Amino acid sequence: MALHVPKAPGFAQMLKEGAKHFSGLEEAVYRNIQACKELAQTTRTAYGPNGMNKMVINHLEKLFVTNDAATILRELEVQHPAAKMIVMASHMQEQEVGDGTNFVLVFAGALLELAEELLRIGLSVSEAMSIFPESGHFNVDNIRVCKILGSGICSSSVLHGMVFKKEAEGDVTSVKDAKIAVYSCPFDGMITETKGTVLIKTAEELMNFSKGEENLMDAQVRAIADTGANVVVTGGKVADMALHYANKYNVMLVRLNSKWDLRRLCKTVGATALPRLTPPVAEEMGHCDSVSLSEVGDTQVVVFKHEKEDGAISTIVLRGSTDNLMDDVERAVDDAVNTFKVLTRDKRLVPGGGATEIELAKQITSYGETCPGLEQYAIKKFAEAFEAIPRALSENSGVKANEVISKLYAVHQEGNKNVGLDIEAEVPAVKDMLEAGVLDTYLGKYWAIKLATNAAVTVLRVDQIIMAKPAGGPKPPTGKKDWDDDQND
């Protein structure tokens, strides 16, 4: 008979075997803060124009070389519950603004680091948190990116319309003043709803059956061509017989496998996707100035082009020597497009290069000195957290951070609010960010500070960690562990 070992009295005896329980400052709060600090430290060195790249291999063994914090976090799959809160805050920043994800991580990490100092000198969690506060329409999906390997970044171009890495199906490869019929079904003969059996007794009956099928296909394609449509885009397979008649009536055929591409094309050319192979009416057809098969490098592309610049969708054709380089440039384009979206909502800009953060730190510190109670310590530490941004920029540029921050404070005390770090100088130097044209969006900065502060407060509010026993089940297959070792099997 097995010996029964009683559970320790207290909270643990209420939980299933294998569950974990942490509580109090040492076990829960400091542990959570440490995890968030480690995460912030990881992405901090990637902050700013001189930030270092990270090499990330995700669970599918795909390689990413980037300094974009959003991509790093997405591919890392962070598991720690407290660190996940900071990750969620940066994801919210990505959705709300599209940029500034690293700012959220660095600032939240600095807030928690300084909150830990307050807790260690004896302030309670509630006192440490006393400072923390409780227009246009532009669719970023309208800017498409088409990546084509070869040449260099300088060969990239912008096109009003859409570009697909596809080949035209038939003999017609170029159409001017295109009238476009879009079908979400295969370009093939109609199939009956119910299954049927045809009994053919003689060769003549077989010939007549085939001839009837051909005549039906001929009539369908002719009916489409008679409406004036000279380009057909289909979302399914193209039958050989249908292709023959499309060539006969000089109709250009393009096949798009993705239903998303089909929807975007409909939006670009103003067409309606038809579910059956019926002749389109004038309102259902789309229009663009030209549709042509072109060759970029050694890649065949189909270009739907608008000559006027008032089209709904534009495409940026990116060129580059490697896939990793083009992925990085695509992320930069995505940030730029999101910045434009933010500016359509709020046109206000603030000086960059750490100027805004130092001015905020100066003014919040001045306010903290007027507060009589213990909360002044929290207010001053909150102000000190803003120094993490110019400090990270300085360290990544290879200059002494303390010297830069003292220079910035000195200049801001004189009333020069727009002065920030000069990252191009080889020595610790400052310059006017407004004159240099280094600006951040007001909304980007506002949301980053708000989300980072809320995430830090959420982490500090946790005083217990209760982890249930993980569910059983088959373990995932383990791949080759030493992927970077040269092993001759």
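1. Tyr 446 is a convenient place to begin: with a relative accessible area of 36%, this residue is partly exposed, since a value between 20% and 50% falls in that class. The coordinates discussed here and below belong to a predicted model, and every value should be read with that in mind.

2. As for the whole protein, the model contains 15 helices and 17 strands, and of its 489 residues 42% are buried. The exposed area comes to about 27,300 Å², of which carbon and sulfur atoms supply 53%.

3. The aromatic side chains deserve a point of their own, as the structure holds seven aromatic pairs. One of them joins Phe 164 and Phe 304 in an edge-to-face arrangement, with 5.9 Å from centre to centre and an angle of 85° between the planes. Because Phe 164 belongs to strand S5 (residues 157-164) and Phe 304 to strand S11 (residues 299-305), this pair ties together parts of the chain that lie 140 residues apart in sequence. Both partners count as buried, Phe 164 with a relative accessibility of 4% and Phe 304 with one of 0%.

4. Tyr 446 takes part in an aromatic pair with Trp 447, again described as edge-to-face, in which the ring centres are 5.6 Å apart and the planes meet at 80°. Here the tyrosine is partly exposed, at 36% relative accessible area, whereas Phe 164 in the preceding point is buried. Elsewhere, ring pairs link Phe 103, Phe 107, Phe 382 and Phe 386 into a cluster.

5. Which residues place a charged end over the ring of Trp 260 and over that of Tyr 442? For Trp 260 the residue is Lys 259, whose charged end sits 5.3 Å from the ring centre. For Tyr 442 the residue is Arg 348, whose charged end sits over the ring at 4.1 Å from its centre.

6. Helix H8 (residues 259-269) can be followed from its start to just past its end. At the start of H8, a side-chain oxygen of Ser 258 comes to within 3.2 Å of the backbone nitrogen of Trp 260, and Trp 260 also has the charged end of Lys 259 over its ring. Along the helix, Leu 262, Arg 264, Leu 265, Cys 266, Thr 268 and Val 269 are buried. In an α-helix, residues three or four places apart point the same way, because there are 3.6 residues to a turn. Just after H8, Gly 270 adopts a positive phi of about 75°.

7. Two residues that are not glycines also have a positive phi, and a reader checking backbone geometry may wish to look at each. Glu 61, with a phi of about 65°, lies in the loop that runs between strand S2 (54-57) and strand S3 (63-66), and its relative accessibility of 57% places it among exposed residues. Asn 250, with a phi of about 55°, lies in the loop between helix H7 (240-248) and strand S8 (252-255), and this asparagine is exposed as well, with a relative accessible area of 54%.

8. Finally, the surface carries a nonpolar patch of about 350 Å², made by Val 198, Ile 200, Leu 206 and Phe 209. Among these residues, Ile 200 is found in the loop between strand S6 (174-183) and helix H6 (203-226). The relative accessible area of Ile 200 is 33%, so this residue is partly exposed, and it also passes the requirement of over 30% for membership of a patch.

Conventions:
Residues numbered from 1 in each chain as written. Predicted model: local features only at pLDDT ≥ 70, side-chain atom pairs only at ≥ 80, totals over all residues. Heavy atoms only, no water. Patch = residues over 30% accessible without salt bridge, like charges linked within 9 Å, V, L, I, M, F, W, Y side chains within 5 Å. Areas by Shrake-Rupley, 256 points an atom, 1.4 Å probe, with all protein chains shown as cover. Salt bridge = Lys/Arg side-chain N within 4 Å of Asp/Glu carboxyl O. Helix = DSSP H or I, 4+ residues; strand = E, 2+ residues; numbered from the N terminus. Buried < 20%, exposed > 50% of the residue type's maximum accessible area, 1.4 Å probe, protein only. Polar contact = N/O pair within 3.5 Å; in protein donor to acceptor, adjacent residues only side chain to side chain. Phe/Tyr/Trp six-rings, centres within 6.5 Å; stacked < 30°, edge-to-face > 60°. Lys NZ or Arg CZ within 6 Å of the ring centre and 35° of its normal.
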